[in-house]
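Welcome! Let us take a short tour of the charged side chains here and the places where they meet.

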Amino acid sequence: MDHFLYRDGALHAEDVPVAEIAAAVGTPFYVYSSATLLRHFGLFEEALDGLDHTICFAMKSLSNQAILTLLARRGAGMDVVSEGEYRRARAAGVPGERIVFSGVGKTRDEMRTALEGGIRQFNVESEPEMRALSEVATALGKVAPITIRVNPDVDAKTHAKIATGKSENKFGIPIAKARAVYAEAASLPGLDVVGIDVHIGSQLTELAPFEAAYRKVADLTEQLREDGHDIRRLDLGGGLGIPYARSNEAPPLPLDYGALIKRTVGHLGCEVEIEPGRLISGNAGLMVSKVIYIKEGEGRNFLILDGAMNDLIRPAMYEAHHDIVPVTEAESGVEQTPYDIVGPVCETGDTFAKARNMPPLREGELVAFRSAGAYGAVMASEYNSRPLIPEVLVQGDQFAVIRPRPTFDEMIARDTIPEWL
Ligand code: LLP
């Protein structure tokens, strides 16, 4: 459920007409609903009720400071994957003890920043990283809390570009090697081994792969404890999918996911951490765009929008589906016709949807891409010298620009011309 509904034929973001925001900020833009973000965060709180748990929002999905501040005030932790994300989280008021640091290629500088600023744990992904972290921590006179990310060799049954839990993927250490790697970690002076980490992929629409992975983690916990490690924390990653095509998708509910966690690892007495991104932010955001032209092609019609692949890259990159709806509701029973919905960028890949049935639309009309809150704005670029589009946050009947659109002059002024040129 989200808070983008039609009222009297006009799409609203909570209590604000989307058209009113468009008139104020111009198109295209992203708009997020505070109520939806908090609701989704609350669903995980509810799902893990009764377990000692921390919800670390995977801020790679949406990392605007206003969003992080909203979630931080609600008690969210953060899953960060770079120094930039770490600094954003701290700047939004997230204490170090609620931040976990993930990622396969943490640099020594990043480790230093997090150790000095405070960190709940590093999720270590390889032996060389583990050795580097021990050295960095020792040099600072500190001990780094770590989990080791294990790769359980489970098929997440999601798009190949976002599956991470098979042995051919670059993530984590093979679970079969885990005991040897934990033994080495325990011998390193700068590390405190606190637990196990696993993340098998994103946009999972079934619970079975989670179940297979978490059972393996539970078995490993017992083995490692027998080996003398004090495994007291399990980071179970993110990945729970969302309905992108509302008419025919119903992925598992957070409550059922929580029940699965309790069933598979609940008996171990560990603190549980999860790293959901998309489920919190995905359906909390729209990208709003305007129809520039309607072009009649051979055997097909094109809806040419002012938004493009540089603003929302998911369809081009993952063949992702986003529901696209008119901001002014179509009259019921009106005939729909198929359009190829495209942006103005000079690439055939700049296609949002093919043969998508849409109600009659006119030039200048607004359309909204649903489920665009996650991996939308954060993956945008200025390709074709199209300035990054603004982000807007709504709460009740208020809205505010939380990242302005840069002017063309600002965009151009970021480059510098060498004096020798
Ligand atoms: N934890 C780790 C270690 C991750 O790598 C990810 C996502 C998450 C948590 C959060 O997963 P989520 O709950 O959001 O599914 N750009 C792609 C998705 C990339 C996901 C990368 N890792 C997309 O637009 O579909």
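## A first stop at Glu83

Please keep in mind that this is a predicted model. Glu83 has a relative accessible area of 21%, so this residue counts as partly exposed, because buried would require a value under 20%.

The side chain of Glu83 forms a salt bridge with that of Arg87, at 2.7 Å from N to O. Both residues belong to helix α4, which covers residues 83-91. Glu83 and Arg87 sit four residues apart, or about one turn of that helix.

## Another pair within a helix

Moving along the chain, you can find Glu211 and Arg215 in helix α8, which covers residues 208-226. Here too, the two residues are four apart, about one turn of the helix. Their side chains meet in a salt bridge of 2.6 Å, N to O.

Is Arg215 buried or exposed? Neither label fits: Arg215 is partly exposed, with a relative accessibility of 39%.

## Arg232 and a network

Next comes Arg232, which is partly exposed at 30% relative accessibility. Arg232 pairs with Asp230 in a salt bridge, where the closest N and O atoms are 3.1 Å apart.

Which residues are joined into one network by salt bridges that share partners? They are Arg120, Arg233, Glu271 and Glu273.

## The whole picture

How many salt bridges does a search of the whole structure find? The count is 25. Among them are the pairs Glu83 with Arg87, Glu211 with Arg215, and Arg232 with Asp230.

How values were computed: Residues are numbered from 1 along each chain as its sequence is written. This is a predicted model: local features need pLDDT of at least 70, side-chain atom pairs count only at pLDDT 80 or more; totals for chains, interfaces and linings use all residues. Side-chain values use heavy atoms; hydrogens and water are left out. A salt bridge is a side-chain nitrogen of Lys or Arg within 4 Å of a carboxyl oxygen of Asp or Glu. Buried means under 20% relative accessible area, exposed over 50%, partly exposed in between (1.4 Å probe, protein chains only).
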